[in-house]
Amino acid sequence: MPRVTLETLPDYARYLITAAEEAATHYPATRTVRLPRLELTAHVAPGVLADALGDAFVEAEDDLAEPSTCRIFTVHPGIGGIPEPAQWGDAHFTEYGFAERLAGAGLRGHYFHDLDFWQVYDPERHIGVQLMTSPDAFPPWEPTAPLRAFLHWEYAARGMRLTHAGTLGANGKGVLLAGAGGAGKSGTVAAGLLNGLDSVGDDYVLIDLAGGVTARPLFSTLKQDPQGFARLGLKQRLRIESPLNWQGKHTFHIADIAPRPVPAALDIVALVVPHIGGGEMSSIVPVSRRDAMIALAPSGIMQMPGERESGFRFFGDLTRQLPSYRLSLGTHPEEIAGTLADFLTRVVS
């Protein structure tokens, strides 16, 4: 099995792209998904990933913009001409050094040691490769947000950003919910959806800063731990039989609980940082831009390989454009949703 070093990394990335393209006639299945201003074509083998490509996205059916296109090959040995994944050959590995080396060659990439899982992308040609040791040898988070690294690189090249945040809104206006895992984002999104609000995403949304702050949907997946699932009444409503995911959470979809179809976009009017307050009632107070930046940027940058400097600039611009608030969460989903709905009305008027 070959070993790849920082020195040979760009050549290996280009070799994988060439091998995947030459094997194009051997892929068992092709899935095409229409996303905001992008048509994504993925070549996949039948299985969990192919299923995820079929149900984890929110398709941009009403997007009138002419889409760009990109092709992603999800490959493994056994498909004609596809090699065994290489291993990392240097004594030390840093995500930053890996990304910088590829960026210097005009490429993007990510390597997950535990599985010898490679992702490489050529943003100029809009072609990427996800190389796995077998069809199901992918990280456990991949099915809920499939191919998110490639979408991150593709949209970042166009000045947009996949952002680790939730959203809630009404009448086309909305708030961005930012915070580290466990802050209450997902529970707040689910509470809002169950009580008449809209959302364009829970975990990751696409943010565009051209002409204001606009959030667009990419992924349809929602997650809740068993306690939140029961508190929100979802156990009786959805009757999910599938096992908990790798985080010990139930997974379901926005359409399962939303009052309306997912809107094509929300004009974001405020950044809100949820906080499990412990009180009976919710409250919203202003928070400093610094605290908003701390809630928004680190997880969004750490979870997306590469583009760190551009990420900090992007989130800095975003927090300059939006007023920021802290939401201390009460204990009742209806009351939390009502507090946010009243807040939206006040901010918009």
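Visitor: Which elements do the buried residues of α3 pack against?

Guide: This is a predicted model. Helix α3 spans residues 95-104, and its buried residues are G97, F98, A99 and L102. These buried residues pack against one helix, α1 (9-22), and against the strands β5 (87-88), β6 (108-112) and β7 (117-122).

Visitor: Which residue with a positive phi follows α3?

Guide: Helix α3 covers residues 95-104. The residue to look for comes after that helix, and its phi is near 80 degrees. It is G106.

Visitor: In which sense do β6 and β7 pair, parallel or antiparallel?

Guide: The two strands form a hairpin, with four residues between them. Five bridges join β6 and β7. One of the bridge pairs is R108 with Y121 of β7. The sense of the pairing is antiparallel.

Visitor: Which residue in the turn of that hairpin has a positive phi?

Guide: The turn links β6 and β7. The phi in question is about 45 degrees. The residue is D116.

Visitor: How many residues of β6 are buried?

Guide: Buried means under 20% relative accessible area. Strand β6 is mostly covered by that test, and it has five residues. The number buried is four.

Visitor: How many residues of helix α4 are buried?

Guide: Helix α4 runs over residues 148-156 and is mostly covered. The buried residues include charged-letter names such as R148 and E154, alongside F150, L151 and W153. The count is nine of nine.

Visitor: Is P143 buried or partly exposed?

Guide: P143 lies in the loop between β8 (127-131) and α4. Its relative accessible area is 22%. Buried needs a value under 20%, so P143 does not qualify. P143 is partly exposed.

Visitor: Which residues does P143 touch, leaving out those up to four places away in sequence?

Guide: H43 is 100 residues from P143 in sequence, and their C-alpha atoms are 15 Å apart. Contact means heavy atoms within 4.5 Å. The residues that P143 touches are V48, A52, A56 and F138.

Visitor: Which residues touch the most other members of the largest nonpolar core?

Guide: This core has 27 residues. Elements giving two or more residues to this core include β11 (173-177), α8 (254-257) and α11 (333-348). Another core, of 26 residues, lies apart from it, with V33 and F219 among its members. In the largest core, the residues asked for are V175 and I257.

Visitor: Which residues does V175 touch, not counting those up to four places away in sequence?

Guide: V175 is a member of the largest nonpolar core. Its contacts are G166, T167, L168, I268, A270, V272, L340, F343 and L344.

Definitions and conventions:
Residues are numbered from 1 along each chain as its sequence is written. This is a predicted model: local features need pLDDT of at least 70, side-chain atom pairs count only at pLDDT 80 or more; totals for chains, interfaces and linings use all residues. Side-chain values use heavy atoms; hydrogens and water are left out. Buried means under 20% relative accessible area, exposed over 50%, partly exposed in between (1.4 Å probe, protein chains only). Two strands pair if DSSP finds at least two bridges between them. A nonpolar core is a set of buried Ala, Val, Leu, Ile, Met, Phe, Trp, Tyr and Cys residues joined through side-chain atoms within 4.5 Å.
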